[in-house]
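Visitor: I should like to take a close look at a single part of this structure. Would you please guide me through the empty space enclosed within the protein and the residues around that space?

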Amino acid sequence: MQSTQASVSAGPSQRTTTPGTVGPQSVPGAWYVLEARSTRADLWVRLEGPGKPELGPWLTPAGDDVHALVGTGELVPMGEAAWFRRHEYSRGTRRGDLLWTGGGQYVLLSERMRKALLGFSDPGVAFHAVQIRDRRDSAPHLEGYSLLVPSLSGEGHMRSEVRGLPTSRLVVTGAVLAALLAAGVDGFDWEPCAPSPSEAGELT
């Protein structure tokens with residue numbers, strides 16, 4: 001996994017990154033996997049809510065997996081049925097453009113990353129506001145992040161890593177990665193990936 005880290009801390013705060021100078025060039029037909037950073041310097045969050053068990057699957061009364069419902073946007077974690085919280089083991093303060101969720105089935109992205117992605121009108125892609133609490137409920141909430149629901153059907157420029165299932169890693173075309181880096185959005189790690197033969201060459 002390669003890093004787009006600049007010389008200053010990553011995240012939605014202002015940085016001195018010069019647009020277009022960090023990361024790969026857009027390659028026609030290329031695909032990349034984007035992933036949140038998870039070093040000790042980075043801020044981690046996790047999903048919480050009433051009824052979440054200490055161990056085992058977290059299911060709704062109807063038997064649906066809560067993590068999957070959040071990943072697909074069917075359940076928006078805004079503070080009633082579920083919410084995000086800074087992880088109890090997180091001591092880092094670096095806020096990336098993607099937040100590490102411990103491998104959960106969802107993508108949390110910064111506001112500047114959301115704005116950079118608005119130029120790609122993919123079918124099925126949606127953005128939802130979320131609530132991210134600090135470890136203490138009395139502390140201010142962490143602002144400036146949204147839940148991204150990518151295409152689960154395998155269509156478009158932004159896709160889930162596994163067709164039909166939400167994942168924490170986002171698969172994008174070279175055009176998307178180039179647009180992010182040109183806008184100075186670089187608070188994540190990336191690596192090239194190979195789409196299936198049926199997907200190869202569909203988009204650039």
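Guide: In this predicted model, the lining of the largest cavity comprises seven nonpolar residues, two polar residues and one charged residue. The residues that line this cavity are Glu-35, Ala-36, Leu-98, Leu-99, Trp-100, Thr-101, Tyr-106, Val-107, Leu-108 and Ser-168. Its volume is about 70 Å³.

Rolling a probe the size of a water molecule over the atoms reveals where empty space remains. Two cavities of 30 Å³ or more are counted in this way. The second largest cavity holds about 40 Å³ of space, and its lining has four nonpolar, two polar and three charged residues. Among the residues that line the second largest cavity are Leu-98, Leu-99 and Trp-100, and these three names also appear in the lining of the largest cavity. Arg-37, Asp-42 and Arg-94 are included in the lining of the second largest cavity as well.

Let us return to Glu-35, which lines the largest cavity. Glu-35 belongs to strand S2, residues 31–35, and stands opposite Asp-189 in strand S11. S2 and S11 run antiparallel and are joined by five bridges. S2 also pairs with strand S10, residues 165–173, in the antiparallel sense over four bridges; there, Thr-173 is the bridge partner of Trp-31.

In a regular strand, side chains alternate between the two faces of the sheet. In S2, Trp-31, Val-33 and Glu-35 lie on one side, with Tyr-32 and Leu-34 on the other, and all are buried. Both faces of S2 are thus covered.

Conventions: Residues numbered from 1 in each chain as written. Predicted model: local features only at pLDDT ≥ 70, side-chain atom pairs only at ≥ 80, totals over all residues. Heavy atoms only, no water. Buried < 20%, exposed > 50% of the residue type's maximum accessible area, 1.4 Å probe, protein only. Helix = DSSP H or I, 4+ residues; strand = E, 2+ residues; numbered from the N terminus. Pairing = 2+ DSSP bridges. 1 Å grid on protein atoms, 1.4 Å probe; cavity = no way out; pocket = protein on both sides within 12 Å on 5 of 7 lines; lining within 4 Å. Points joined across faces, edges and corners; volume = space filled by probe spheres on them. Nonpolar A, V, L, I, M, F, W, Y, C, P; charged D, E, K, R; others polar.
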